[in-house]
Amino acid sequence: MKAVTGDPKHMYHELISLLHLPEHRNVIRPLYLATKKCGFGGKVGVVGMLLPLHRAGSLRDVLPARSATRTLKWSNQMRWAKGVTSALLHVVDQGGYYSDLRVDNVVLAEDGEAVLVDFEQRGVWAGFSAPEVACVENLAIVAMSAKGEVPEVVRAEYRAKMDRFVPGWREVGKGAYKGRTEGFALGWLTMDAEEREAAMVYMLGRALWCIFEAVGMPERAVWRQGGGESGVEFPAYRRMGKRERELIDRCTRGRVDERREQGVVRVGGRIVLKRGDGTESAEIVQLAAKDWWIEELERGERFLEERERWREERRESGETGGFSVFGGRPRLGEVLGILKSWEA
């Protein structure tokens with residue numbers, strides 16, 4: 001049973017989105033509504049939904065576990081890769097988009113099929129997110145920070161930037177739920193249909209990297225213990241052949257490999273320099289993190305400025321092409337066709 005104890009709008013959005021989506025073997029399907037009669041007025045409210053139980057768990061845990069026990073087969077990896085891609089294509093074919101792709105959100109059914117879950121559309125953490133999405137989310141973090149966390153002059157500056165790049169962002173998620181919405185992930189609300197599919201292809205590339213490298217996370221996370229299994233992180237390759245590498249590189253075009261990698265990492269209960277010896281002072285670690293984030297925010301703002309110019313050029317020429325903006329990522333249908341050709 002999936003339920004909420006607070007504001008139900010995300011669950012309602014997910015439920016309605018799934019019920020409007022035609023059935024697909026690689027997409028989770030609600031079985032029943034969970035309802036409760038209210039103590040005031042006797043109204044019946046929806047408090048949750050019952051979903052199939054997938055005992056095998058998510059690919060986040062299955063991939064490294066099977067790799068460690070040498071029970072991971074190439075046929076399994078291909079099946080999961082095709083299943084995830086097929087699910088995303090199904091969503092796009094229905095006029096929608098999926099903003100939450102990471103291997104945590106891919107579970108295994110009893111028959112071994114990969115099943116996509118979590119349609120709340122609140123977005124995904126930066127380890128999987130397309131760079132064009134992450135840059136908006138980063139601006140929003142500063143703009144929406146609480147008083148005292150960021151100087152007021154900086155908050156005002158970033159709120160003005162959000163007003164320019166994401167008109168209407170202040171009202172997203174506010175008030176009572178009133179039916180179907182476009183979701184709650186601000187970075188996705190700035191894009192048209194082609195740009196959204198291009199961002200989905202990027203996330204798919206990250207997921208395919210995890211599947212074929214047999215790891216549960218594309219990079220070590222500061223906020224989470226563990227990760228970075230066997231020392232390999234995206235976009236490094238250890239197990240894959242040339243064709244897999246080429247496809248993933250195409251899907252993740254627009255990534256910024258040449259930028260300085262995140263300077264800090266979590267080790268046990270401490271945050272330390274990623275390339276240090278663990279004896280650095282807290283002040284040095286904080287400075288490294290601050291410098292990285294300043295560069296990250298500035299890079300994101302430059303991208304958004306460039307995207308506005310690209311969009312203006314497209315409007316003037318009458319062209320579409322969210323994919324050309326990011327260096328020619330393939331469409332979802334092309335990715336699925338490539339995977340099927342490998343199997344054949």
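Let me begin at the N-terminal end, where strand 1 and strand 3, the latter covering residues 44-50, are joined by two bridges and run antiparallel. Before I go further, please keep in mind that this is a predicted model, and that what I describe is computed from its atoms.

Staying with that pair of strands, Lys2 has Met49 of strand 3 as its bridge partner. The sheet to which they belong is an open one of three strands, in the order 1-3-2, and its pairing is antiparallel. Its edges are formed by strand 1, residues 2-3, and by strand 2, residues 32-37, each of which pairs on one side only. Across strand 1, strand 2 and strand 3 lies helix 1, residues 9-20, and the angle at which helix 1 runs to strand 3 is about 65°.

Lys2 comes back when we turn to charges, since Lys2, Glu14, Glu120 and Arg122 are linked in a network of salt bridges. As background, side chains of opposite charge can pair when their charged atoms come close. How many salt bridges does the model contain by the rule used here? The count comes to 24, and I will go through a few of them with their distances and their exposure.

One of these is formed by Asp104 and Arg102, with 3.6 Å between the closest N and O atoms. Arg102 has a relative accessibility of 19%, and because the cut-off for buried is under 20%, Arg102 counts as buried.

Another is the pair of Glu213 and Arg238, whose closest N and O atoms are 3.7 Å apart. This pair links distant parts of the chain, as Glu213 sits in helix 7 while Arg238 sits in the loop between helix 7 and helix 8 (242-251), with 25 residues separating the two. Are the two partners buried or exposed? Glu213 is buried, at a relative accessible area of 0%, whereas Arg238, at 38%, counts as partly exposed.

A further salt bridge joins Arg255 to Asp249, and here the closest N and O atoms are 3.0 Å apart. Asp249 counts as partly exposed, its relative accessibility being 30%.

Since Glu213 has taken us to helix 7, let me turn to how that helix packs. Helix 7, residues 193-213, packs with helix 11, residues 332-343, at an angle of about 25°, and their axes are 10 Å apart. Why are these two helices called roughly parallel? Angles under 35 degrees count as roughly parallel, and helix 7 and helix 11 are therefore described in that way. On the side of helix 7 the contact is made by Glu197, Met200, Val201, Leu204, Leu208 and Phe212, and on the side of helix 11 by Leu332, Val335, Leu339 and Trp342. Taken by character, the residues of this contact comprise nine nonpolar, no polar and one charged.

Further along the chain there is a hairpin, formed by strand 6 and strand 7 with two residues between them. Strand 6, residues 264-267, and strand 7, residues 270-273, run antiparallel and are joined by four bridges. Val267 has Arg270 in strand 7 as its bridge partner, and in the turn Gly268 has a positive phi of about 65°.

That brings me to backbone angles elsewhere, and in particular to two residues which are not glycines. Which phi does Arg70 have? Arg70, although not a glycine, has a positive phi of about 55°, and its place is in the loop between helix 2 (59-68) and helix 3 (74-93). Arg70 is exposed, with a relative accessible area of 79%.

Gln121 likewise has a positive phi, near 60°, in a residue other than glycine. The place of Gln121 is in the loop between strand 5 (114-116) and helix 4 (131-143). With a relative accessible area of 8%, Gln121 is buried, whereas Arg70 is exposed.

I will finish with one long-range pair, which may help you to orient yourselves on the screen. Ala289, in helix 9 (residues 282-317), is partly exposed, with a relative accessible area of 22%. Ala289 and Gly96 are 193 residues apart in sequence, and their C-alpha atoms are 36 Å apart in space.

Terms used
Residues are numbered from 1 along each chain as its sequence is written. This is a predicted model: local features need pLDDT of at least 70, side-chain atom pairs count only at pLDDT 80 or more; totals for chains, interfaces and linings use all residues. Side-chain values use heavy atoms; hydrogens and water are left out. Axes are lines fitted to C-alpha atoms, for helices over the stretch in contact, and angles run from 0 to 180 degrees between N-to-C directions. Angles under 35 degrees count as roughly parallel, over 145 as roughly antiparallel, 65 to 115 as roughly perpendicular and the rest as oblique. Contact means heavy atoms within 4.5 Å. Ala, Val, Leu, Ile, Met, Phe, Trp, Tyr, Cys and Pro count as nonpolar, Asp, Glu, Lys and Arg as charged, and the others, Gly among them, as polar. Two strands pair if DSSP finds at least two bridges between them. A salt bridge is a side-chain nitrogen of Lys or Arg within 4 Å of a carboxyl oxygen of Asp or Glu. Buried means under 20% relative accessible area, exposed over 50%, partly exposed in between (1.4 Å probe, protein chains only).
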